[in-house]
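Colleague: I should like to learn how to read the features of a structure. Might we work through an example together?

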Amino acid sequence: IVPAVNVWAIGAGGGSILWVDPQGLLKVGPQSAGADPGPVAYGRGGTEPTVTDCYLVLGFIDPDRFLGGRMPLQKAAARKALAALGARIGFMGDDAAERTAAAALRIATAKMASEIGKGMASRGLDPATFTLVPYGGAGPTHAALLAEAARIGSILIPPAPGTFCAFGTATGALRRDFARSRRVSLGSDDGAATTLLATLSALEEDARAWLAEEAATGKAVRLERFADMQYPRTATELTVAIPEPLTKGASAAALAELFHVEHTHRYGFRDAQSPVDVTTVRLVATLNGSPAGHHRAIEASAGEARKRTLIWEGRSHEADVHGAGVLADGGAIKGPAVLEMEDSTVIVPPGWTARKDKAGALAMERKAHSLQEVAA
């Protein structure tokens with residue numbers, strides 16, 4: 001068993017390029033305009049419309065307040081590029097750019113929602129019981145679109161979502177896994193237990209040496225001990241945690257009992273008369289990161305509310321536009337509304353409510369549209 005993180009990438013970024021295939025079908029990505037030249041609206045030479053251009057044309061983002069106003073966007077150029085692309089799929093007239101943008105966002109959203117649905121179904125999970133956590137610059141902007149398509153009823157936007165990943169990297173825990181193969185059988189002889197515990201001791205020495213290299217003296221360190229175990233001649237191998245008190249001199253029976261308990265929990269039965277084979281001994285060393293409380297919350301100040309036309313699901317809405325700081329702890333606003341942060345823009349569509357929690361995050365909830373949806 002190799003320690004791994006299951007990263008399931010299904011997103012579409014703000015730079016994802018819109019295009020029409022030889023059959024005349026509108027597509028979104030996987031090609032990306034990146035940051036340079038970037039979307040057409042950046043005015044840096046990009047000629048192919050992107051998801052960001054769609055946000056701009058539909059009123060999701062303000063061309064004069066992008067990146068806190070430091071980078072004005074060219075809405076007219078974005079509309080022209082989208083209208084030209086829309087003409088290739090039959091969209092004509094003054095609203096061709098808006099129709100093309102809305103269609104592209106539906107396609108991008110449907111692709112993501114479909115993958116979420118398939119992934120959760122394969123695990124026996126119900127999306128309605130989960131909360132969507134969007135981050136990055138475009139995550140909060142697209143979050144409600146994805147939540148509605150995937151039938152997720154709540155969203156939690158972290159403070160400063162545009163730097164959420166970087167903040168996690170800077171403050172997250174540092175971890176290293178140590179492992180050694182040790183094929184021994186925990187039967188009536190305690191010699192196997194002695195071998196297992198001696199291996200754990202050796203792994204701890206390795207971990208201490210690594211921690212010293214990381215200048216971890218005086219910092220919070222956590223050591224966790226495990227062993228991969230199985231019943232003889234079976235393919236079912238379980239990684240079993242070994243509590244620290246047992247590392248001081250546990251018997252083979254005590255260590256085997258840990259596996260019997262885990263096997264019963266996982267599969268509903270145990271074979272107490274069978275010996276237990278150990279295949280691998282593991283130790284995980286974790287060096288705690290910096291306190292997460294240093295992350296800045298949503299700004300406390302709030303400017304005057306403005307109005308902006310927001311096109312949502314093909315309909316125009318007059319949305320209230322606020323600075324993110326309009327929400328005091330526990331305060332709430334109802335959609336349609338737009339919350340503008342320095343590093344992102346949050347869309348609160350009709351039927352949704354946004355509320356700031358005590359940690360500075362933004363919690364959004366949607367009312368069910370019908371009794372059938374509640375039942376589903």
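Modeller: Certainly; please keep in mind that this is a predicted model. Let us begin with strand pairing: strand β5 (residues 221-230) and β7 pair in the antiparallel sense, over 10 bridges. Within that pairing, Met229 has Val278 of β7 as its bridge partner.

Colleague: Which other strand pairs with β7, and over how many bridges?

Modeller: Strand β4 (residues 174-186) pairs with β7 in the antiparallel sense, over 11 bridges. Here Phe178 is matched with Leu283 of β7.

Colleague: Is strand β7 largely enclosed or open?

Modeller: A residue is called buried when its relative accessible area is under 20%. In β7 (residues 276-287), 11 of the 12 residues are buried, so the strand is largely enclosed by the rest of the structure.

Colleague: How does one describe the packing of helices α2 and α3?

Modeller: Two packed helices are described by the angle between their axes and by the distance between those axes. For α2 (residues 75-87) and α3 (residues 96-122), the angle is about 75° and the axes are 8 Å apart. Therefore α2 is roughly perpendicular to α3, since angles of 65 to 115 degrees count as such. Among the residues making the contact are Leu82 and Leu85 of α2 and Ala97 and Thr100 of α3. By class, the contact has 6 nonpolar, 2 polar and 2 charged residues.

Colleague: How many disulfides are found, and are Cys54 and Cys165 buried or exposed?

Modeller: A search of the whole structure finds 0 disulfides. Cys54 counts as buried because its relative accessibility is 0%, whereas Cys165, at 49%, counts as partly exposed.

Technical notes. Residues are numbered from 1 along each chain as its sequence is written. This is a predicted model: local features need pLDDT of at least 70, side-chain atom pairs count only at pLDDT 80 or more; totals for chains, interfaces and linings use all residues. Side-chain values use heavy atoms; hydrogens and water are left out. Axes are lines fitted to C-alpha atoms, for helices over the stretch in contact, and angles run from 0 to 180 degrees between N-to-C directions. Helices (H or I, at least four residues) and strands (E, at least two) are DSSP runs, numbered from the N terminus. Angles under 35 degrees count as roughly parallel, over 145 as roughly antiparallel, 65 to 115 as roughly perpendicular and the rest as oblique. Contact means heavy atoms within 4.5 Å. Ala, Val, Leu, Ile, Met, Phe, Trp, Tyr, Cys and Pro count as nonpolar, Asp, Glu, Lys and Arg as charged, and the others, Gly among them, as polar. A disulfide is a pair of cysteine sulfur atoms within 2.5 Å. Buried means under 20% relative accessible area, exposed over 50%, partly exposed in between (1.4 Å probe, protein chains only). Two strands pair if DSSP finds at least two bridges between them.
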